[in-house]
Amino acid sequence: MAALAAYRNLWRATKVAFEGDARVLDAARQQIRDKFRESRVLAASDPAVQPAIQHAVEVATFLRSNLVQGKKEGDTYRLRIHEDTERGDNDTIKVGDKTVKIDGKTCKDR
């Protein structure tokens, strides 16, 4: 059942990420179908199943929160930022290997 939930989560994430871009949406969904069909032969007790499900969940999360599509309009690009898009600033990138706290919490705490 976890595989089915991951599949559905991934399917919905593509809808959010690629809304309005039928060509890319169709290609992404075909890729999902192909990869899940390849893994269909695995038994539920196979040790490769759990990492595959985890990978699908992580890809869905990435698609929802980190992927932003742009469309060229004249000399500029219009970005399609939706409610699930992760927003923030780049200040934490400059810190390097130090522990960063925002509002008293680290990334692990959130």
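How many helices and strands does the chain have?

## The overall layout

Let's start with the basics. This is a predicted model, and its chain has three helices and two strands. If you walk along from the N terminus, the elements come in the order α-α-α-β-β. So you can trace the helices in the picture before you get to the strands.

Next, the surface. The chain has 110 residues, and 19% of them count as buried. About 8,900 Å² of the chain is exposed, with carbon and sulfur atoms supplying 52% of that area. Now look at contacts between residues with a separation of 6 or more: 46% of these involve residues 24 or more positions apart.

## The largest pocket

Where would you look for the biggest open space? The largest pocket has a volume of about 690 Å³. It is lined by 25 residues, and the ones closest to its centre are Leu10, Ile32, Lys35, Phe36 and Ala56. Try finding those five in the structure to get your bearings.

Three helices each give at least two residues to this lining: α1 (2-17), α2 (22-39) and α3 (49-66). The largest share comes from α2, with eight residues. As for the kinds of residue in the lining of the largest pocket, 17 are nonpolar, four are polar and four are charged.

## The second largest pocket

The second largest pocket has a volume of about 210 Å³. Its lining is made up of Glu19, Gly20, Asp21, Gln69, Gly70, Lys71, Glu73, Arg78 and Arg80. The elements that provide two or more of these residues are the strands β1 (69-73) and β2 (76-80). The largest share, four residues, comes from β1.

What kinds of residue line the second largest pocket? Six are charged and three are polar, with no nonpolar ones. Compare that with the lining of the largest pocket, where 17 residues are nonpolar.

## A look at serine 65

Let's finish by zooming in on one residue. Serine 65 has its place in helix α3. Is serine 65 buried or exposed? Its relative accessible area is 13%, so serine 65 counts as buried, because buried means under 20%.

What does the side chain of serine 65 reach? The answer is the backbone oxygen of threonine 61, at 2.8 Å. If you leave aside the neighbours within four places in sequence, serine 65 is in contact with Asp84, Thr85 and Glu86.

How values were computed: Residues numbered from 1 in each chain as written. Predicted model: local features only at pLDDT ≥ 70, side-chain atom pairs only at ≥ 80, totals over all residues. Heavy atoms only, no water. Buried < 20%, exposed > 50% of the residue type's maximum accessible area, 1.4 Å probe, protein only. Contact = heavy atoms within 4.5 Å. Areas by Shrake-Rupley, 256 points an atom, 1.4 Å probe, with all protein chains shown as cover. 1 Å grid on protein atoms, 1.4 Å probe; cavity = no way out; pocket = protein on both sides within 12 Å on 5 of 7 lines; lining within 4 Å. Points joined across faces, edges and corners; volume = space filled by probe spheres on them. Nonpolar A, V, L, I, M, F, W, Y, C, P; charged D, E, K, R; others polar. Polar contact = N/O pair within 3.5 Å; in protein donor to acceptor, adjacent residues only side chain to side chain.
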